[in-house]
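Here are a few exercises to work through with the model open beside you. Try each task before reading its solution.

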Amino acid sequence: MVEVFNPNPTIFAPAKSVKPFNTESLWVEDPFSFDADGEAADVEQLIDQEEIFDLIRSIYDPEHPNTLEELRVVSAPQITVIGNRVMVEFTPTVPHCGMSTLIGLSIRVRLLRALPSRFKIDITLKPGSHQSELAVNKQLNDKERVAAALENPVLVQTLEQSLVNASLRGQPAAEA
Amino acid sequence: MASTDSAERLVTTWIASGRDEELAEAVQEVSEGRLLGIVKALGIYLTSEQDELRTKGVDFLATVIARCPENALNRQSVKVMSAFFCDKLDDTETIVPALKGLASLPPICSAADALLIVNAIFKHVTMRALVQSVRFHVFSTIDGLMAHHRETLKGMKSAFIAPYIALADGEKDPRNLLLAFAIARVILIEFDAAPHIEALSHIVFCYFPITFRPPANDPYGITPDDLRAALRRCISASPAFGPFAFPIFLEKLAAGSPPIKRDTLETMTICFPVYGAAAARISARKLWNALKLEIFQPTDGATEAAALAAVQALVLTIHGADDAPGTEGELQGLARDACTECVGVLREPEKSQARPAVKVLCAFMTTTPSVARYTLASAVPHLLRLLADPDEVPTRNAVLLLLSDLIAAARDSVKPAESESEVPEPPLASYKDEVLGALISGVGAPQTTRAAIAGLMGLVSTPRLLSEAELGFVVLKATDVLETCFDGEHADDSNALLKLLMTVAASAPTLVRDQTLHRLMRALPALAPPRADNAARTSYQHILSALSTLTGPAPLCAAFVSGLVPLLTAIAVDTPHDDDSEPAAAYLHALLTALRRTLASKADSEDADVGGYAEALVPVLFGVCVRAALHGEDGPACEPRVVGVVGDIIGIVVQSLPSPQQQTFVAGLVPAFLEGKVAAICAAEHVSEGVRFLPFSAEATTPVRNLLVLFEAGIVPLHPTVTLAADINVCEETILEQGLAHTNTERQAEAVCRVVGSIVNKHVDELGAFLEHKQSVYWAERIHAPTNATPRRRQAIRVWTSICKGLLVRNHALAHAFIGRLFEVFEDVEVGTEAAKAFGEIAATDGVLTKRNAAVVKFLWAQKFATGILPRLMKGAQDDNSVQQHAHLIALTSLLKAIPNASYAHEMQKLMPLLLRALQIPDAEIRAGVLETLRSAAAQHPWLAEHAPTLARQVLQYTKARGVALTSMRIRVSALRLLGALPAVVRYDVLHPCKADVLRELAEALDDPRRSVRKEAVDTREIWFKYNG
């Protein structure tokens, strides 16, 4: 049995995900004659904080059957998008958490797969939240080391386990 | 002597040949009472010195006896046979056939024979020396004796049990085990098994838990579940097993895999009540510790549920007798300790362990009343204390969530009372005031609103808990909070609050009407807020969405409508005419949309009061619309979107009317639209007698003609028995010709076509002249006439389509003649494509010709049509003539898009190449349609393999938003979904060469300008990343 770093973490309710009414539009949405293809509005919808949070909120913690969102490891305000730069900050549940690198790596893999290649992605620990913060940050943002880690089949399998429900985007999993 | 001869011949032939015919004849002989002849003829073989012959001889006799009908042998013969076979058990060469013979004797032998047989078996049979099929005979013999001579065996006492245990020990074959378990259960329950209980436990518990996995092609079809159930019946047969069972359970629970854990837990749940309180009390501590582990560190949901059930059974067993009269007093023992332990965990309510702790407490609620009382008495005050503690403010949300779980468990623990007189008091009654107070104060604080609502939900849904006044207090508070939610920040809270209010409304609608509804209605602005006032607009949208959710019960709906009518009128009529009437129209639209949502959900649940609004509401709606339309173009009620919603509302109301009332309604509607007598159907304050309203005539303005939508809404839901006009042919022709002659919008023409189609569907038998005219004149003059203007011809095809559809839905004989005409214009440059696309429209299900609209709809009409027409379209799509081919391909894809994929699954092999070709057609709608067809087909049919690589590469092109001609969001989304569906149905090696390309090119789709496309792209790419050999 591997050492469990935090056997009894605090669980938070998932953030509210219901989109508010579209206040820009005069007309209420009409479900009876709603046309799914909103092609008329060919405005470009930019990738924003909320969309990136949606991508990573349902990643599982490697140690618990809870998502990163439920453990408040990640949250929308901790994500910044400026031009082609994405900065994701995350908070481990305890300062000695040995899983931090793995969590960071799973966020990185998810974003590598789900964001266009034009983005440069920085993943860092929340300042002051971890005892070996610098080492972890360095490891997570070193291209060579990330690539080397992804060569390790056991590690990749663990990552796939964490990412298995990532596409739920905060929705509750369907009952099996 | 003839019979002896024939018997001898039979025996000799069989010994030589072993054929079945001789056996059958011998059985016949024995059935006719000539057993003696057979035995005599067998004589020399039965006593032969040669081992092989002796075996064969006994085998023959055993087989014959086994096949004989039960009454063929008399008592004496049975006695002789028993003695004979028992005798042969001694001989190693004949033991096998002798056992076979004995297996058929128990039903017919006497008690003395039974004794003889069983003793002989115990004496001579060594199970370990026999193969499983022979051991099966032994078990069947004993099982048969158990069934027919149980008293005799019981009388043997230890002389039976001890040797039987020795016999059954070490059995491994599943088929034999099923019998052995059944025998053991009878011994445990009916025999005096006490002296042998330990030995019995050895031959039962050595099989627990069952880990048998049936071999492939198991001829006996025994499943692990059969064995598990049989063993469970054994284990739970005797209370004396308790001391042996508990250590085994604990050991298996600690070491087992999840299925074994589950099996153990389920077995424990069954066994606790049998083993009894005394035994359970001795091991209670250990059992609780083991079960606790399964709940607090569950391996999976099912195991956790099984463990909770086991805890319940344990508590019920131990404390089941506590509630007997005279045992009042403090609860002692397991439940008390476990409760204390769980409440101890709840000291840190925000931690993850608090959840399982409260689950255990909830499980205790459904055990015995005294345990439930104790649980509430220790948990509820503790949680209330935490809520009151100023140091614990950050954990309040978690505490309230735990509390609401307990409330719900307390509610569910009360079983429905059998009679009114002895209704038990809800368990929570004694804490009601404190709990209600805590929840009410929790609802007020934004941090804890959701959790508190969950708790209140539990309280209000507990029968007989809250008084009317307390319910009123809850409603008042909920409404207060609801009003603060309309700023858009707390949409989730408002949904939960609405659910709470709806729960109250189901039992006490007047409370919600007087407090919530009236306040919300008053909060609606009297006139539309100006365009720039986003906040006011958001606020009314939220209020309306809340109102439409709440107003399901009849009194609420009536109050909603009566409050809405003056508001609607005021906006439609009194809005000052200035430059910008759009905000007013949008507000009107929002109000009407809310009303439609209410009525639609009421119609879905078939509420009786919907039809009542034909008198209270419909004339007002007609009045407002007609008045506005006659007044000019810029009134808010002239807006086509507003008219559309009004039409929907009228449609819903007319649908719910019974046909006599529909008749009265239509007697006003048809003259109003066709003859201008509109005042009759409108509210008098809006439209006075003598106004000029002729929407079908050339002089009608666009707003007036837009009201054809309301005509459609009134006509389409009519029952077939309702008479529209004296001469329906003339009426239908008038509607069609005059209606289409002057239409200037799509929607107007659509309304006319729908009316025509609906009337054709319901009155086809009276429309002979109309249909005849269409076939002979209309087709030639309007459609098949190249000189006509193209738009007119296209419109005529739409009319034709709706007639076809009206006929086809009811499987009318004329339908195919009408549809067949469409092929005639396939080569036409102007209208060929329209005619081809019509096939999709004809087969599609729409909202017009439905059961709810009283249309005559035959079962599976679309599937029948598709099956009939598919071969012709497929043949045409391979035509040499390229124009024909193109049109057929379009017709084919439109049709496939419209029908469920089961109806063309069998043709998929041939359709694939056609569909791939259809993808090339430069038409965005068709391309998206084909992609969707392919995807829905891909989900079910593993036919794709041969085309998959081509398909993947081609579809990949359509996922791109930039640098590709002819793309739309719908195409991109469909293409991505199709790509995402492939890995699930195609073997990896087939698509392996494409994987790298797909992943690379999908990266481009990740950067799509539209968010919904990006989402699909991410999901599809993720699927391909995981796609491995």
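**Exercise 1. Place the annotated domain.**
Find which residues of chain A the UniProt annotation "domain: MIP18 family-like" covers, and describe that stretch in this predicted model.

*Solution.* Start with the record: the unreviewed UniProt entry assigns "domain: MIP18 family-like" to residues 50–119 of chain A. Next, look at the secondary structure of residues 50–119 of chain A, which is 31% helix and 14% strand. Finally, take the two end C-alpha atoms of this stretch; they are 16 Å apart.

**Exercise 2. Describe the fold of chain A.**
Work out the order of helices and strands in chain A, then see how its contacts are spread along the sequence.

*Solution.* Begin by counting: chain A has five helices and three strands. Reading along the sequence then gives the pattern α-β-β-α-β-α-α-α. For burial, 28% of the 176 residues of chain A count as buried. For the contacts, consider those in chain A with a separation of 6 or more: 68% of them join residues 24 or more positions apart.

**Exercise 3. Decide where to read with care.**
Which stretches of chain A have a pLDDT below 50?

*Solution.* Take the whole chain to begin with: the mean pLDDT of chain A is 81, and 80% of its residues reach 70 or more. Residues 17–21 of chain A fall below 50, and this stretch has nine contacts in the model beyond near neighbours in sequence. Residues 31–40 of chain A also have a pLDDT below 50, with eight such contacts. Where pLDDT is low, the predicted coordinates should not be read in detail.

**Exercise 4. Classify a helix pair.**
How are helices α2 and α3 of chain B oriented to each other?

*Solution.* First, locate α2(B) at residues 20–31 and α3(B) at residues 35–46. Their axes come within 7 Å and cross at roughly 130°. That angle lies between the perpendicular range, 65 to 115 degrees, and the antiparallel one, over 145. The two helices, α2(B) and α3(B), are therefore oblique to each other. On the α2(B) side the contact uses A26(B), E29(B) and V30(B), while α3(B) brings L35(B), G37(B) and I38(B). By class, these residues are four nonpolar, one polar and one charged.

**Exercise 5. Survey the contact between the chains.**
How many residues does each chain give to the contact, and which helices of chain B supply at least two?

*Solution.* Chain A gives 29 residues and chain B gives 36. In chain B, the helices that each supply at least two are α24 (491–507), α26 (534–550), α28 (582–604), α31 (640–655), α46 (969–985) and α48 (1011–1025). Sorted by class, the side of chain B that touches chain A has 15 charged, 11 polar and 10 nonpolar residues.

Conventions
Residues numbered from 1 in each chain as written. Chains lettered and ligands numbered in written order. Predicted model: local features only at pLDDT ≥ 70, side-chain atom pairs only at ≥ 80, totals over all residues. pLDDT = per-residue confidence, 0-100. Contact = placed C-beta atoms within 7 Å. Axes fitted to C-alpha atoms, helices over the stretch in contact; angles between N-to-C directions. Helix = DSSP H or I, 4+ residues; strand = E, 2+ residues; numbered from the N terminus. Parallel < 35°, antiparallel > 145°, perpendicular 65-115°, else oblique. Nonpolar A, V, L, I, M, F, W, Y, C, P; charged D, E, K, R; others polar. UniProt positions renumbered as here; feature names shortened; annotations may be inferred. Buried ≥ 20, exposed ≤ 12 C-beta atoms within 10 Å, placed from the backbone.
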